[in-house]
Amino acid sequence: MKVLVHIDDAEQWRDALARRLPEAEVITGSAPAEQRRQADYLAAWKPPEALLREPEALKGIVNLGAGVDALLNNPGLPEGVPIVKLRDAGMASLIGDYVRYGVLHFQRDFDRYRRQQHAGEWREHAVVDKADWPVGVLGLGAIGARVANMVAADGFPVHGWSRSEKALEGITCHHGDDGLDDLLARVRTLVLLLPDTRATRQIIDARALARLPEGASLINPGRGTLIDEAALLEALGDGDSEGRLRGALLDAFPEEPLPEASPLWVHPRVWVTPHMAGPTPLGDALDQVAEALRAFEAGEPQATVDPAAGY
Ligand code: GLV
C-alpha cells in the first residue's frame with residue numbers, strides 16, 4: 001500500500017510510520033506528483049484542497065486529529081472515501097490536564113488573585129469546597145468522557161451532556177435539549193468538548209449563557225464555532241466588574257490564529273491559548289494510524305466518520 005502523509009512535520013511522521021508499517025510505502029507531499037496520484041491512503045491533518053484532489057483512487061483517509069470539521073469542510077474531499085479519525089491517542093489526557101488547570105484556576109480564585117496582585121491588594125478568599133463546585137462537560141466522546149472522568153477523580157461533581165443518551169459511571173449524564181438546559185443551570189464551570197457540526201454551532205449562545213448560574217466560568221478546548229462570541233463578550237461584561245460570566249479560558253476560535261483585532265486578546269477576564277490543549281502525541285497516534293491502515297487493507301475498516309453527522 002502507498003500512504004501519503006500530510007501534516008506540519010510530515011517527514012518525521014513519514015519515517016516513523018514507515019518503521020511501524022514496513023509493508024507500506026510512505027510518502028509526503030514532496031514526493032513526485034506521479035507517486036502522489038497513486039496513493040492508496042491519505043493520513044493527513046488539514047490537507048490543502050489541491051493535495052486532497054491528487055490521489056486518483058483513494059481507498060481510505062486517516063484524519064490525524066480528533067476533529068474532522070476541517071476535512072469535511074474541504075471542497076477537495078472525494079465523495080464516498082471512508083474516513084477514520086484518531087480516537088484519543090494521548091490527546092485526552094493532555095486536554096484533561098488543561099481542563100483541570102482551568103477548573104482549579106477559577107475554583108481557587110487565581111483569576112481574582114491575579115487582579116488583586118495588579119492592585120497590590122492582599123486579601124484572602126474563602127475556598128469553595130470542590131463538592132460544591134459542579135463542573136459540566138458538553139460532549140462525551142472519547143475525549144469528553146476521559147476528561148469528565150479526570151475532573152471527577154479530582155473530587156468535583158461532574159455533569160456530562162451528549163445529544164443522545166449515554167451512561168458513564170461516576171458522572172451525572174444528561175442528554176437532549178432539556179438535558180442541556182438542566183445541566184447549564186447547575187454547573188459553576190462549563191467545559192466544551194463537542195465536535196463542530198451543524199447541530200453544535202453556537203450551541204453556547206446568549207440563551208445558554210443566561211442559564212448558567214451567576215459567576216460561572218467557561219473552558220473551551222473544543223471548537224471555537226461552539227460559542228456565539230458576541231454573546232460571550234456580553235456575558236463577560238466590561239472587565240472592570242465581574243459580569244454574569246466570571247471568566248473564560250479559550251483554546252479554540254472560529255478563525256485561527258485568533259485575529260489581531262479580536263477583543264478576546266485583551267479582555268481582562270479571558271485567557272487565550274493558541275489551540276495547544278491537545279496536541280497529538282506522535283507515538284500513540286502512529287500506533288492508531290498503523291492499526292487503521294492495516295484494518296483498511298484487511299477490508300475491515302474501523303468505525304468510520306459519518307459525514308452527514310459531522311463526526
Ligand atoms: C485538534 O483540534 C483535533 O481535532 O485533533
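Which residue has a polar side-chain atom that lies 2.7 Å from an oxygen atom of the ligand? Hi everyone, that is where I'd like to start today. The residue is Arg223, and please keep in mind throughout that this is a predicted model.

Let's stay with the ligand for a moment. Taken alone, the ligand exposes 190 Å², and the protein buries 87% of that. Around the ligand sit Trp45, Gly65, Ala66, Gly67, Met91, Arg223 and His275. If you sort that shell by character, you get three nonpolar residues, three polar ones and one charged. The backbone takes part as well: a backbone N or O atom of Ala66 is 2.7 Å from a ligand oxygen, and a polar backbone atom of Gly67 lies 2.6 Å from an oxygen atom of the ligand.

Met91 takes us on to helix 5. Met91 belongs to the ligand's surroundings, and helix 5 covers residues 91-107. This helix has 17 residues and reaches 24 Å from its first C-alpha to its last, close to the 24 Å expected at 1.5 Å a residue. Which residues of helix 5 are buried? They are Met91, Ala92, Ile95, Gly96, Tyr98, Val99, Gly102, Val103, His105, Phe106 and Gln107. As a reminder, an α-helix has 3.6 residues a turn, so residues three or four places apart point the same way. After helix 5 comes Asp109, which has a positive phi, near 65°.

Now for two loop residues. Arg123 is in the loop between helix 6, residues 110-118, and strand 6, residues 135-138. Is Arg123 buried, or partly exposed? Arg123 counts as partly exposed because its relative accessible area is 43%, and the class runs from 20% to 50%. Its side chain makes a polar contact of 2.7 Å with the side chain of Glu121. Leaving out residues up to four places away in sequence, Arg123 touches Tyr113 and Gln116. From Arg123 to Asp306, 183 residues apart along the chain, the C-alpha separation is 53 Å.

On the other side of strand 6 we find Leu140, in the loop that runs between that strand and helix 7, residues 142-153. Why does Leu140 count as buried? Because its relative accessibility is 6%, and buried means under 20%. Again setting aside residues up to four places away in sequence, Leu140 touches Ala145, Ala148, Gly160, Trp161, Ser162, Lys166, Leu168 and Cys173. Glu229 is 89 residues from Leu140 in sequence, and their C-alpha atoms are 23 Å apart.

That's my tour, thanks for listening!

Conventions
Residues are numbered from 1 along each chain as its sequence is written. This is a predicted model: local features need pLDDT of at least 70, side-chain atom pairs count only at pLDDT 80 or more; totals for chains, interfaces and linings use all residues. Side-chain values use heavy atoms; hydrogens and water are left out. Helices (H or I, at least four residues) and strands (E, at least two) are DSSP runs, numbered from the N terminus. Buried means under 20% relative accessible area, exposed over 50%, partly exposed in between (1.4 Å probe, protein chains only). Contact means heavy atoms within 4.5 Å. A polar contact is a pair of N or O atoms within 3.5 Å; within protein, one must be able to donate a hydrogen and the other to accept it, and residues adjacent in sequence count only if both atoms are side-chain atoms. The expected span of a helix is 1.5 Å times one less than its number of residues. A residue is near a molecule or strand if one of its heavy atoms lies within 4 Å of it. Accessible areas come from the Shrake-Rupley method with a 1.4 Å probe; for residues, only the protein chains shown count as cover. Ala, Val, Leu, Ile, Met, Phe, Trp, Tyr, Cys and Pro count as nonpolar, Asp, Glu, Lys and Arg as charged, and the others, Gly among them, as polar.
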